[in-house]
Amino acid sequence: MSEVAHYLAFETLHDGRRIEIRALRPDDRAALIAAVARSSAQSLYRRFFEIKRHFTEPEIEFFLNVDFVNHVALVAVVEENGRPVIIGGTRYVVVQPGKAEVAFALIDQYQGHGIGAALLRHLAAIARNAGIEELIAEVLPDNIPMLKVFEMSGFPMSRKHDFQAVHVSLRLR
Ligand SMILES: CC(C)(COP(=O)(O)OP(=O)(O)OC[C@H]1O[C@@H](n2cnc3c(N)ncnc32)[C@H](O)[C@@H]1OP(=O)(O)O)[C@@H](O)C(=O)NCCC(=O)NCCS
């Protein structure tokens, strides 16, 4: 397994709070399910294109069994009541050589503090190191925070609209 499986970084948000950004671990199962339970219907819809609260065992396996080569997942961790809690994360899945699809999710109370932007910075750096040239994403047209995170990433961005989604592409090199 790639050394990305041990990825660990820290970020300070604009309000001074510290967050940890680290590789997803196989033992994060309960924490991920807890984060979904704390997410609003709108956030789940924006992430999964449906209000998805329950996941089948194969779906959970897919989310947790990450090889850190073709599938890389990072989580954002904050301290709540003195203990570390996963409040969201991001992942990419390689869809063809040099190209990976990304997705993000943060529980609502932690949105709008720059964590999505920080997650993209870290994920894009990992992707570039792995030789990935393009990140793609499907974003609902009204998902302004996600579109802003992509627009302000500093990477050249293109987008195509269809009836359901905005297809975003970021050129990493
Ligand atoms: C979409 C999502 C991941 C964005 O993360 P976030 O932490 O809320 O977004 P951020 O705080 O990093 O970015 C939003 C704000 O920061 C600004 N910003 C984003 N990237 C920036 C950057 N690189 N530099 C400076 N500012 C930036 C934006 O302008 C925006 O400003 P605003 O507060 O005035 O609107 C999060 O809102 C979420 O999980 N939503 C629900 C699930 C979802 O939509 N998933 C997407 C599926 S692909």
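The points below describe a predicted model, beginning with the sheet and its strand pairs and ending with the surroundings of the ligand.

1. The sheet as a whole. Eight strands make up an open sheet with mixed pairing, and their order across it is β1-β2-β3-β4-β5-β6-β8-β7. At the edges stand β1 (8-12) and β7 (157-161), each of which has a single partner strand, so one side of each is left without a neighbour in the sheet. On average, neighbouring strands of this sheet are turned by 25° against each other, with direction ignored.

2. The edge at β1. The partner of this edge strand is β2, residues 18-23, and the two are paired in the antiparallel sense over 5 bridges. A reader who wishes to locate the pairing in the structure can start from L8, whose bridge partner in β2 is R22.

3. The helix on the sheet. Helix α4 packs on the sheet and touches β1, β2, β3 (71-80), β4 (83-96), β5, β6 (134-139) and β8 (166-171), while its direction makes about 45° with that of β4. The residues of α4 itself are 115-129, and this helix returns below in the description of the ligand shell.

4. The middle of the strand order. Strands β4 and β5 run antiparallel and are joined by 8 bridges, with V94 standing opposite A100 in β5. The two strands form a hairpin that has 2 residues between them, and in its turn G98 has a positive phi of about 85°. On the pairing of β5 with β6, the sense is parallel and there are 3 bridges; here the bridge partner of E101 is I136 in β6.

5. The edge at β7. This strand pairs with β8 in the antiparallel sense over 5 bridges, and R159 has V168 in β8 as its bridge partner. Like β4 and β5, the strands β7 and β8 form a hairpin, here with 4 residues between them.

6. Two backbone angles that deserve a second look. Most residues other than glycine have a negative phi. Against that background, F49 has a positive phi of about 65° although it is not a glycine, and its place is the loop between α2 and α3 (57-64). A positive phi, of about 60°, is also found at F68, again not a glycine, and F68 lies in the loop between α3 and β3.

7. The shell around the ligand. The ligand is surrounded by 19 residues, of which the closest are F104, L106, G114, G116 and N143. By class, this shell is made up of 8 nonpolar, 7 polar and 4 charged residues.

8. Backbone atoms at the ligand. Which distances separate backbone N or O atoms of L106, G112 and G116 from an oxygen atom of the ligand? For L106 the separation is 2.7 Å, for G112 a backbone N or O atom lies 2.8 Å from a ligand oxygen atom, and for G116 the value is 2.7 Å. On its own the ligand has 950 Å² of accessible area, and the protein covers 77% of it. The elements that contribute two or more residues to the shell are α2 (41-48), β5 (99-106), α4 (115-129) and α5 (144-151). Two of these elements have already been met in the sheet: β5 as the antiparallel partner of β4, and α4 as a helix that packs on the sheet.

Methods
Residues are numbered from 1 along each chain as its sequence is written. This is a predicted model: local features need pLDDT of at least 70, side-chain atom pairs count only at pLDDT 80 or more; totals for chains, interfaces and linings use all residues. Side-chain values use heavy atoms; hydrogens and water are left out. A residue is near a molecule or strand if one of its heavy atoms lies within 4 Å of it. A polar contact is a pair of N or O atoms within 3.5 Å; within protein, one must be able to donate a hydrogen and the other to accept it, and residues adjacent in sequence count only if both atoms are side-chain atoms. Accessible areas come from the Shrake-Rupley method with a 1.4 Å probe; for residues, only the protein chains shown count as cover. Ala, Val, Leu, Ile, Met, Phe, Trp, Tyr, Cys and Pro count as nonpolar, Asp, Glu, Lys and Arg as charged, and the others, Gly among them, as polar. Two strands pair if DSSP finds at least two bridges between them. Axes are lines fitted to C-alpha atoms, for helices over the stretch in contact, and angles run from 0 to 180 degrees between N-to-C directions. Contact means heavy atoms within 4.5 Å.
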